[in-house]
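Reader: I should like to learn how a model of this kind is read, feature by feature. Would you take me through one?

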Amino acid sequence: MKTLLIFYVLGLLFFEVNAQKKLPNVNVKDLQGQIVSAQSFVDDEMPVVISFWATWCKPCLIELENVSEQYDDWKEEKPFKFIAVSTDDSRSSSRVKSLVAGKGWPFDFYLDSNQDLKRALNISLIPYILIINSKGEIVYQHSGYTVGDEYELFEKIQSL
Amino acid sequence: MKRILFITFCLFMVNVSFGQLLNGNLSGSFESNNVYYFNDNAIGALQPENKIGSNNYMKLDYRNGNFAAGIQYEAYLGPLIGFDPLLEGNEFVFKYVQFTNDLLNVTVGNFYDQFGSGLIFRSYEERGIGLNTAMDGVKVEFTPLNYLRFKAIWGKQRKYLKNGDGTVRGFDGEASLLPLFGINESSSNIQLGGSWISRYQDYTGTVEDYPKTVEAYAARMNIESGAFSLYSEFVEKDVEPTMGNSNSQEIGNALLISPSLIGKNIGINVNFRCIKNMEFRSEREAINQALLLNYLPALTRQHKYALANLHPYGAMAKGEIGGQIDLFYRLKKNSFLGGKYGTKISANFSYYKNLDVQGSGYQKFLSVGDKILFQDFNIEIEKKFSKKFKTVFTYFNMQYNKDAIISGGDYIINSDIAVVDLQYKFSYKSSIRAEVQHLWTEQDDKNWIYGLLEYSLAPHWSIFASEMYNYGETKKHYVNAGFSYARGVTRFLLSGGRHKEGLECVGGVCNMVEAYTGVSLSITTSF
């Protein structure tokens, strides 16, 4: 009986530890207006960084600019993918495509116009960054942006 | 022995089911915003009877495979200044259970959704201003083929911490045409969509034939072809005389056309929109931000700088015509104008007028009236001088018809604003940012000046101080200072200072927010 109880408790612990946070099955749109599941962000060969931003959010724009300046060098050192999900609603979502073309940012862009993915991931403030590993598990999250935060992000990517 | 086996079996089952339960994902977020208010006669800020305002949100979601459920708790004890006082109280306001597979997505309880660009229906949350138009009912999404999807919704809408009276039902369908004809090209796409929204609310008044049911229809189209795209949407809404639209006997109409064109290092997009009598709520008596069924944003540039936000435009649900054009352009690295690091330019022009009124007193859809409501030309140049030093210069010229926007009169504030934004990196961790802004105008409170200093020490600390001063007329100072500490997904912000009264516009509705002086503490985290 005791052994059973111990097994039971161990089992619980095991499952609890095993419960790694994953990307939810929520749809976003790509810049061509096609519906895509967030689960398609997972890449089985490299870690993926997902950044939540908006065209009116100053720290978000600074962050994307600062990452884009380092992107090529960093990718050579350690392959990773960078996805930027815009949370702009229909007030400014039509601006996203032309803004990223004019900025020349090299990332993959998606639209989360009614903030379904942002909400499902329990993000209250943007900018917000998360890293998913090749199994689709969320292994790092960071809220807000301070100039220099991108180095901590890259250190984390390197450690995966 | 049998008994032991039975208990073992039971425990095993419990273990498995518990394990499955725990194998799912439990995640959530917590946010708390608190302000202690002071009396500050100099700027007309009054301490409310409840000296402390506190808005709090806790959200929990559980996901396991195709199944999800969650709750959100909100407590306004009491509501912060700028939020509707009727939010006072605390409640589990959002509860849902959801099931998803390839074919179906069924949600019961609370949900948010949007049809097209939201001109006909958008239910959403904008915590920063206390807007939440969540639905409470049933939503079914049906995707029989990957290029065909249907949505049906049914329910009541959130009103402060409870539900409103009106019942809302809606249907939306969307199809991608190219795959339908067997063409599979990733760079091209044609989508057609249609929506219907109907609202029923009982009426016990004395007006004969008063509409209890109000319906609206919308059609939309999206074309993508390589560098070019075009989105267009048209809406028509039944007549519904309400206090909000001064008992208008007009039908509602909206037309949105937005083309865009992108190239290497360049992007251009245009929005043209005309709206007439499009205020649509799930309760006819609702005011301010309560029970809005559709979303009518101001299609203008959303500015990042304080003085450029002194005169914000809000879309005129009653009637407006106009649009905006945006240009984004990058001058290449190592070119004559681009310099060593390249230069980025963005410009925007927005222009809105009222609608022409016919002899009968009705507004004419797609006509141009005699009043300018808003005009804004702005250009931003982002230039990097070295690895350490970056600047952004912005110039704005704005014509803001204050009276037309607030009271229906005609009084234009013509202002010029210049902003210099400097960023300097001392090391890879520590940096400083400074903003200097100036606003020139002959009208309203005349000239303003603004300065900001912000020092950041990655990855945790950031400290700032700002001063906004009206030297043209009122001689009032608006000083603010504070710091933030961030660790992972947790963020603390402590700040204090004066806040100017102002107009807050969202979704076609504007509210006046009174001035306040206070010390504020915010905490946000997620798990």
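Author: Let us begin with paired strands. In chain B, strand E20 (residues 372–384) and strand E21 (residues 389–401) run antiparallel and are joined by 11 bridges. This is a predicted model, and the reading below should be taken in that light.

Reader: How many residues lie between E20(B) and E21(B) in their hairpin?

Author: The hairpin of E20(B) and E21(B) has 4 residues between the strands. To follow the register across the pair, one looks for bridge partners: B:Asn378 has B:Phe396 in E21(B) as its partner.

Reader: Which residue of E22(B) stands opposite B:Phe396?

Author: That residue is B:Ile417. Strand E22 (residues 412–425) of chain B pairs with E21(B) in the antiparallel sense, over 13 bridges. B:Phe396 thus has a partner in E20(B), namely B:Asn378, and another in E22(B), namely B:Ile417.

Reader: What is the general idea about side chains in a strand?

Author: In a regular strand, side chains alternate between the two faces of the sheet.

Reader: Where else in chain B may I practise reading strand pairs?

Author: Consider strand E16 (residues 252–263) and strand E17 (residues 266–276) of chain B, which pair in the antiparallel sense over 9 bridges. Within this pair, B:Ile257 stands opposite B:Phe272 in E17(B). The hairpin of E16(B) and E17(B) has 2 residues between the strands, and B:Asn265 there takes a positive phi near 70°. E17(B) is also joined by 11 bridges to strand E18 (residues 319–331) of chain B, again antiparallel. In that second pair, B:Gly267 stands opposite B:Phe328 in E18(B).

Reader: How many helices and strands does chain B have?

Author: Chain B has 3 helices and 30 strands. For the overall form, one compares the radius of gyration with that of a compact globule: for 527 residues the expected value is near 24 Å, and chain B, with 26 Å, agrees. Along the principal axes, the C-alpha atoms of chain B fill a box of roughly 85 × 65 × 60 Å. Of its 527 residues, 37% count as buried. Among contacts in chain B between residues at least 6 apart in sequence, 54% join residues at least 24 apart.

Reader: Is B:Ser526 buried or exposed?

Author: One counts the C-beta neighbours; 20 or more within 10 Å make a residue buried. B:Ser526 counts as buried because 21 such neighbours lie inside 10 Å. Its place is in strand E30 (residues 516–526) of chain B. Leaving aside neighbours within four places in sequence, B:Ser526 is in contact with A:Asn122, A:Ile123 and A:Ser124, as well as with B:Gly28, B:Ser29 and B:Val489.

Reader: How is B:Ile223 to be classed, and which residues does it touch?

Author: B:Ile223 has 17 C-beta neighbours inside 10 Å and therefore counts as partly exposed. The residue is in strand E14 (residues 213–225) of chain B. Not counting residues up to four places away in sequence, B:Ile223 touches B:Ile190, B:Ser229 and B:Leu230. Sequence separation and distance in space should be read apart: B:Ile223 and B:Asn189 are 34 residues apart along the chain, yet their C-alpha atoms are separated by 5.7 Å.

Reader: How many residues of each chain take part in the contact between chain A and chain B?

Author: The contact involves 47 residues of chain A and 64 residues of chain B. On the side of chain A that touches chain B, helix H1 (2–18), helix H3 (93–103), strand E7 (138–143) and helix H5 (149–158) each supply at least two residues. H3(A) gives the most, with 8 residues. By class, this side of chain A has 14 nonpolar, 22 polar and 11 charged residues.

Reader: Which residues of H5(A) are buried, and what do they pack against?

Author: For a helix, one asks where its buried residues point around the axis. In H5(A) the buried residues are A:Asp149, A:Glu150, A:Leu153 and A:Ile157. Because they cover an arc of only 100° around the axis, they lie on the same side of H5(A). On the other side, A:Glu155 and A:Gln158 are exposed. The buried residues of H5(A) pack against strand E3 (48–53), helix H2 (58–77), strand E6 (128–132) and E7 of chain A.

Reader: What is the mean pLDDT of chain A, and where is the pLDDT below 50?

Author: The mean pLDDT of chain A is 87, and 88% of its residues reach 70 or more. Over residues 9–19 of chain A the pLDDT is below 50, although this stretch has 13 contacts in the model beyond near neighbours in sequence.

Definitions and conventions: Residues are numbered from 1 along each chain as its sequence is written. Chains are lettered from A and ligands numbered from 1 in the order in which they are written. This is a predicted model: local features need pLDDT of at least 70, side-chain atom pairs count only at pLDDT 80 or more; totals for chains, interfaces and linings use all residues. Two residues are in contact if their C-beta atoms, placed from the backbone, lie within 7 Å. Ala, Val, Leu, Ile, Met, Phe, Trp, Tyr, Cys and Pro count as nonpolar, Asp, Glu, Lys and Arg as charged, and the others, Gly among them, as polar. A residue is buried if 20 or more other C-beta atoms lie within 10 Å of its own, exposed if 12 or fewer, and partly exposed in between; C-beta atoms are placed from the backbone. Two strands pair if DSSP finds at least two bridges between them. The arc is that of the directions from the helix axis to the C-beta atoms. pLDDT is the predictor's confidence in each residue, from 0 to 100. The radius of gyration is taken over C-alpha atoms; the globule rule is 2.2 Å times the number of residues to the power 0.38.
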